[in-house]
Amino acid sequence: NGVYTGAVTFAESAADHYIALRIEDNAGNVIGEDGSIKIENIKIDTQAPRLSVLKYQVGSKAASTDFTDFAYINDSADLKVWGLYIDTVSGVQGLAIKYEGTTTALSSTIKYWAPDTAPTTPITATDVPAADSTEWKELSAISDKTKIVGWMATIPNAQLHQSGTLHVSG
């Protein structure tokens with residue numbers, strides 16, 4: 001019969017941590033008529049999601065995984081960018097794309113990949129579906145955000161009017 005007021009520390013992320021509580025008041029009343037211990041499941045997430053870029057495509061050109069050179073848009077082509085976006089413990093939230101140093105997100109279409117069967121790891125650029133695949137879904141169409149493993153953004157040419165670094169954040 002004591003009160004614990006300290007911190008509870010979990011060493012790793014997991015969906016199956018739990019805290020067992022036995023609550024008794026000053027009169028000796030205990031939670032549950034049989035004095036059972038109440039179990040509360042707690043989902044612990046101590047790691048940031050994984051976010052990376054795997055490939056890009058300018059207009060109808062072939063997709064590329066070469067990030068050592070510039071992507072030339074020439075005022076005529078949209079830019080598609082694919083990557084990984086994974087958080088298997090608590091799931092992911094929507095992404096936004098902005099130019100470095102700005103606060104306004106570009107008007108891009110971002111879709112997500114949540115395959116029925118998780119792909120083997122590590123996932124590479126060849127594992128990610130093509131841009132026209134029906135496997136890409138709106139974030140709102142995916143109920144279990146822990147199943148999301150990839151993202152694809154289509155940035156209209158009209159949004160690509162300046163030189164600069166694009167930032168993806170979620």
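W136 counts as buried, at 5% relative accessibility. Buried means under 20% relative accessible area, exposed over 50%, and partly exposed in between, using a 1.4 Å probe and protein chains only. The structure is a predicted model, in which local features need pLDDT of at least 70 and side-chain atom pairs count only at pLDDT 80 or more, while totals for chains, interfaces and linings use all residues. Residues are numbered from 1 along each chain as its sequence is written, and side-chain values use heavy atoms, with hydrogens and water left out.

**Exercise 1. Take stock of the chain**

Find how many helices and strands the chain has, and what share of its residues is buried.

*Solution.*
- Step 1: The secondary structure comes to zero helices and nine strands. Helices (H or I, at least four residues) and strands (E, at least two) are DSSP runs, numbered from the N terminus.
- Step 2: Of the 170 residues, 28% count as buried.
- Step 3: Now for the surface: the chain exposes about 11,200 Å², and carbon and sulfur atoms supply 49% of that area. Such areas come from the Shrake-Rupley method with a 1.4 Å probe; for residues, only the protein chains shown count as cover.

**Exercise 2. Lay out the sheet**

Work out the strand order of the open sheet, then name the strands at its edges.

*Solution.*
- Step 1: Two strands pair if DSSP finds at least two bridges between them.
- Step 2: Five strands form an open sheet in the order 3-4-8-6-7, with antiparallel pairing.
- Step 3: Strand 3 and strand 7 stand at the edges with a single partner strand each, so one side of each has no neighbour in the sheet.
- Step 4: Look at strand 6 (residues 109-113), which pairs with strand 8 (residues 150-155) in the antiparallel sense over five bridges. In strand 8, T154 is the bridge partner of T109, and G150 is that of W113.
- Step 5: Strand 6 also pairs with strand 7 (residues 136-137), antiparallel, over two bridges. Here Y112 stands opposite K137 of strand 7.

**Exercise 3. Read the faces of strand 5**

Decide which residues of strand 5 lie on its covered face and which on its uncovered one.

*Solution.*
- Step 1: Start from the rule that side chains in a regular strand alternate between the two faces of the sheet.
- Step 2: In strand 5 (residues 96-99), I97 and Y99 make up the covered face, whereas A96 and K98 make up the uncovered one.
- Step 3: As for partners, strand 5 pairs with strand 9 (residues 166-169) in the antiparallel sense over four bridges, and Y99 has L166 as its bridge partner there.

**Exercise 4. Classify the ring pairs**

Count the aromatic pairs and classify the pair of Y56 and F67.

*Solution.*
- Step 1: Rings of Phe, Tyr and Trp (its six-membered ring) pair if their centres lie within 6.5 Å; planes under 30 degrees apart count as stacked, over 60 as edge-to-face, and the rest as tilted.
- Step 2: By this rule there are three aromatic pairs.
- Step 3: The Y56 and F67 pair is tilted, with 5.4 Å from centre to centre and 50 degrees between the planes. It links distant parts of the chain, eleven residues apart: Y56 is in strand 3 (residues 50-58), and F67 is in the loop between strand 3 and strand 4 (79-86).
- Step 4: Y56 counts as buried at 13% relative accessibility, but F67 is partly exposed at 43%.
- Step 5: For W113 and W136, the ring centres are 6.4 Å apart and the planes stand at 55 degrees, so this pair is tilted. W113 in strand 6 and W136 in strand 7 are 23 residues apart, and their pair links distant parts of the chain. W113 is buried, with a relative accessible area of 4%.

**Exercise 5. Find the cores**

Name the residues with the most contacts inside the largest nonpolar core and the strands that each supply at least two of its residues.

*Solution.*
- Step 1: A nonpolar core is a set of buried Ala, Val, Leu, Ile, Met, Phe, Trp, Tyr and Cys residues joined through side-chain atoms within 4.5 Å.
- Step 2: The largest core has 20 residues, and L79, I97, Y112 and W151 have the most contacts inside it.
- Step 3: Strand 3, strand 4, strand 5, strand 6 and strand 8 each supply at least two residues of this core.
- Step 4: A second, separate core of eleven residues includes W82, L84, W113 and I123.
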